[in-house]
Every structure is written in structure tokens, then in C-alpha cells.
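Let's sit down together and learn to read a sheet and a pocket from a model. Have your viewer ready.

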Amino acid sequence: MIIYKPTPKINAMTFDLDDTLYDNWPYIVEAEKGLLNFIAKEYPDSSHLSRDDWQQYKHQALRDDPELFSDMGDLRRIILTKGLQESGYRGSVLSTAVQTCFDWFYFERSNFQVGEAQCQLLSKLAERIPLIAITNGNVNTQQIGIHRYFQQILKASRQSPMKPHPHMFDEAANYLKIPRGSILHVGDNLEKDVWAATNAGFSAAWHACDRPMEIENEPVQVLPNVEIHQLEELLAFI
């Protein structure tokens, strides 16, 4: 643990999920790759579409509607609709295909279990203080085995803009009804987690599980209260 500035007494914690509790990228890569194979097999009229074609649909959707940056689920539905529609699928066949492909990806994207050590840590924390998840992603927290530890799961959407926007932090603070400084937000991103939490009045702990924690190589806008190398170090705050 590296302490950068004093931390008040902590009475609740909020957690980022992806790349904080688990390394998210390998699961996303495999799910994306598998989805293209699934689509080509189940809807062969779209088999000519390359990965670059699907990326172009994504970029166009985000250009047309920047709010989609905050809603990964809605974005994926729009991308699937565009690709399948341009491949000739229409009407109920199209809507069924979009839902089938979306469900396949969502399951595979969440097709893993958070490690036993992380779950034990969350369980110990949850026995003492309320925990809330604040994520820009859309992982299925029940499927990956951590839903029961959190009193609330806040996910970015059109109505709840993605971090670093303060909306989800405000939601958490309004639910907890305690001084904001006594809420410790734990996350891997120094802008979307540390800066955003600090800007919202929370205390902040930096922890990344997907890369070496070398703060000199990170885009730092504001220092966290603490840098956590092992999640178990959070027990010192309760």
C-alpha cells in the first residue's frame, strides 16, 4: 500500500468491476471472436462480413449517437441490427436474430467466475460496511458470482452516463446517505475511477489487476488517497 494523502474513516466502499476485480480483456476478446463465428454459422447470409465491417458499424453508430458510449448493450444491439439488416434479414427474423446474438455474447462475455480470494475479500467487507458496484460495463454480476456482495449494482446507460461523469457516484451517495468522504471508491482507471471519485467528493483507492501498477506510466490528473497492491489491504480501512 502507498498512501498519498490522508483517508477519512471509511463507512462504505464502491467498486469498479472490470480490470479491478478481474482482468476483463481476455474474456471480451474471446467473446467478440466467438460472436463473429456464431453469427456466420447461424446467419450465413452475413458470413461475408469481416471484423472490420463490424467495427465500421460500431464507429458509425457512435458518431450518430454519442450517448451510446454509455450504453454497451444498446450499442451492441444497434451494431447487430445494422449488420444483419444489411445482410438481408428483415422483420421478425431480424429481431429474433439480434436478440439471439446479443444473448450469446452477453453470456460468453460473463462466462467466468471471479477468483476465490476476491470473493472472500468482498464477503469480509460486506459483513462490515455496505458495498456498491459502479461500472461502465455490462457484466452479469450474478453469473460471475459477486452479485450477493453488493447492495446496489450501478451500470452506465443512457440515463446514467459512464464514468467519469458523476451521475453514478451521486446515485451511490444518495443511496448510502453518509458523508461522501467516508465512501472509498476502488478502481483501476486514474481518470474514470480516481479522478471521477475525487471529483464527486469520495475518497479513492487505485488498484489495477490487468497491468503493472506503475503510476508514472499512467495519465494522472489527481492522486488517489491510496494505491492498493493487494485487495486484501482494503481490510485495513474497516
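The dialogue below goes through the sheet, one of its strands and then the pocket.

Q: Before we start, what kind of model is this?
A: This is a predicted model, so please keep that in mind as we read along.

Q: How do I read a sheet, and in which order do the strands lie here?
A: The general idea is that strands of a sheet pair through backbone hydrogen bonds, either parallel or antiparallel. Here seven strands make an open sheet, and its order is E1-E7-E6-E5-E2-E3-E4, with mixed pairing.

Q: Which strands are the edge strands?
A: They are strand E1 (2-3) and strand E4 (152-155), each of which pairs on one side only. Strand E3 (residues 131-135) runs parallel to E4 and is joined to it by four bridges. To find this pairing in your viewer, look for Ala 133, which stands opposite Ile 153 in E4.

Q: What are the neighbours of E5 in the sheet order?
A: In the order, E5 sits between E6 and E2. Strand E2 (residues 12-15) and E5 run parallel, with four bridges joining them; Ala 12 has Ile 183 of E5 as its bridge partner. Strand E6 (residues 203-206) also pairs with E5 in the parallel sense, over four bridges, and there Leu 184 stands opposite Ser 203. The chain gets from E5 to E6 through H7, in a right-handed β-α-β crossover.

Q: Why is E5 largely enclosed by the rest of the structure?
A: Start with the general pattern: in a regular strand the side chains alternate between the two faces of the sheet. In strand E5 (residues 183-187), five of the five residues are buried, so the strand is largely enclosed by the rest of the structure. On one side the buried residues are Ile 183, His 185 and Gly 187, and on the other they are Leu 184 and Val 186, so both faces are covered.

Q: Now the largest pocket: what is its volume, and which residues are closest to its centre?
A: A handy way to read a pocket is to take volume, lining and chemistry in turn. The volume is about 1,200 Å³. Of the 37 lining residues, Trp 25, Ile 28, Glu 32, Lys 58 and Met 72 are the closest to the centre.

Q: Which elements give two or more residues to that lining?
A: They are helix H1 (25-42), helix H2 (51-64), helix H3 (72-86), helix H4 (91-109) and helix H7 (190-199). H1 gives the largest share, eight residues.

Q: And how does the lining divide by class?
A: The lining of the largest pocket has 17 nonpolar, 13 charged and seven polar residues.

Terms used
Residues numbered from 1 in each chain as written. Predicted model: local features only at pLDDT ≥ 70, side-chain atom pairs only at ≥ 80, totals over all residues. Heavy atoms only, no water. Pairing = 2+ DSSP bridges. 1 Å grid on protein atoms, 1.4 Å probe; cavity = no way out; pocket = protein on both sides within 12 Å on 5 of 7 lines; lining within 4 Å. Points joined across faces, edges and corners; volume = space filled by probe spheres on them. Nonpolar A, V, L, I, M, F, W, Y, C, P; charged D, E, K, R; others polar. Buried < 20%, exposed > 50% of the residue type's maximum accessible area, 1.4 Å probe, protein only. Right-handed = clockwise from strand over helix to strand, strands pointing away.
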